[in-house]
Amino acid sequence: MKGRNWHERNKPQHHGAKDSTMARPRDVTQMLRDIGTAQLSPQERQHTLERLEEQAVSIMSTFTPLDIARSLNHYGKMRQTPGRAVLEGMQHQALCRLQDFDAQSLTMAIHAFGKLGIRPTLPGLLEGLERTAVAMMGEFQAQGVANTLWGYASLSHRPGSGLLPALSTRALAVMPGFTPQAIANTLWSYARLGVPPPP
């Protein structure tokens, strides 16, 4: 699988004793959140992100789908495009772990891609996310439906693999859970995608 090949190419090189300071995925997501709220100059932020991304790439094979989704979400909140290596790594790891996504991590990841304005470029990833979403649509809550539609609409990309009708059907089922903001975002998403909302 292409994801495994990527991890082999980017396997960390250890020299001598094991590096006890090696970050864990939750350390990376925590640092991304902290960077987003810290009062840093643009130069300081970029330097800190570059150092953090080096560690993230070296341990990417240990990232869970939730780690990936949270990382993308923090980048989105910062309005900061991930570095090429870490973005490529997250896409490959997501493809390797498609079967491990749950509704929370899936909707968060799609929403984050939309916020960043980045359409997944790894062949098979977007289609895999769509098939996974359809398979677990019964677990989607109202906010997840709204976030997924918004993510695709923000990318000006109409979801395939039967995802759009599945989202419409699920939206009707969880309608009582929609907040006014979620309703507004959902209606905007349908308009942006050029399709009518569910009746």
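**Close-up views of a predicted model**

**View 1. Three cavities of 30 Å³ or more are present in the structure.** The model shown here and in the views below is predicted. The volume of the largest cavity is about 40 Å³. Its lining is made up of Ile-68, Leu-72, Met-90, Gln-91, Ala-94, Phe-101, Ala-109, Phe-113, Leu-125 and Leu-129. H4, H5, H6 and H7 are the elements that each give two or more residues to this lining. H5 provides the largest share, three residues.

**View 2. Helix H6 covers residues 103-116.** At 1.5 Å a residue, the 14 residues of H6 should span 20 Å, and the end C-alpha atoms are 20 Å apart, so the expected and modelled values agree. How many residues of H6 are buried? The count is 12 of the 14, so the helix is largely enclosed by the rest of the structure. The buried residues are Ala-103, Ser-105, Leu-106, Thr-107, Met-108, Ala-109, Ile-110, His-111, Ala-112, Phe-113, Gly-114 and Leu-116. Two residues in this list, Ala-109 and Phe-113, also line the largest cavity.

**View 3. The buried residues of H6 pack against four helices: H4 (65-78), H5 (84-96), H7 (125-135) and H8.** Among these partners, H4, H5 and H7 also give two or more residues each to the lining of the largest cavity, as does H6 itself.

**View 4. Asp-102 caps the N-terminal end of H6.** A side-chain oxygen of Asp-102 lies 3.3 Å from the backbone nitrogen of Gln-104. Beyond the helix, Gly-117 comes just after H6 and has a positive phi of about 70°.

**View 5. The largest pocket holds about 180 Å³ of space.** Ala-23, Asp-27, Val-28, Met-31, Thr-48, Arg-51, Leu-52, Glu-54 and Gln-55 form its lining. The elements with two or more residues in the lining are helix H2 (25-37) and helix H3 (42-58). Which helix gives the most to this lining? H3 does, with five residues.

**View 6. Trp-150 and Trp-188 make up the one aromatic pair found in a search of the whole structure.** The ring centres are 6.5 Å apart, with 35° between the planes, and the pair is tilted. Planes under 30 degrees apart would count as stacked and those over 60 as edge-to-face, so an angle of 35° falls in the tilted class. The pair links distant parts of the chain, 38 residues apart: Trp-150 belongs to helix H8 (residues 142-154) and Trp-188 to helix H10 (residues 180-193). Is Trp-188 buried, partly exposed or exposed? Its relative accessible area is 34%, so Trp-188 is partly exposed.

**View 7. Arg-79 has a positive phi, near 55°, in a residue other than glycine.** Arg-79 sits in the loop between H4 and H5. Because its relative accessibility is 65%, Arg-79 counts as exposed.

**View 8. Ser-161 also has a positive phi, of about 55°, although it is not a glycine.** This residue is found in the loop between H8 and helix H9 (163-173). Ser-161 counts as partly exposed because its relative accessibility is 42%.

Definitions and conventions:
Residues are numbered from 1 along each chain as its sequence is written. This is a predicted model: local features need pLDDT of at least 70, side-chain atom pairs count only at pLDDT 80 or more; totals for chains, interfaces and linings use all residues. Side-chain values use heavy atoms; hydrogens and water are left out. Rings of Phe, Tyr and Trp (its six-membered ring) pair if their centres lie within 6.5 Å; planes under 30 degrees apart count as stacked, over 60 as edge-to-face and the rest as tilted. Buried means under 20% relative accessible area, exposed over 50%, partly exposed in between (1.4 Å probe, protein chains only). The expected span of a helix is 1.5 Å times one less than its number of residues. Contact means heavy atoms within 4.5 Å. A polar contact is a pair of N or O atoms within 3.5 Å; within protein, one must be able to donate a hydrogen and the other to accept it, and residues adjacent in sequence count only if both atoms are side-chain atoms. On a 1 Å grid over the protein atoms alone, a cavity is a set of points where a 1.4 Å probe fits but cannot get out, and a pocket is an open set with protein on both sides within 12 Å along at least five of seven lines; lining residues have an atom within 4 Å of a point. Grid points are joined across faces, edges and corners, and a volume is the space filled by probe spheres set on the points.
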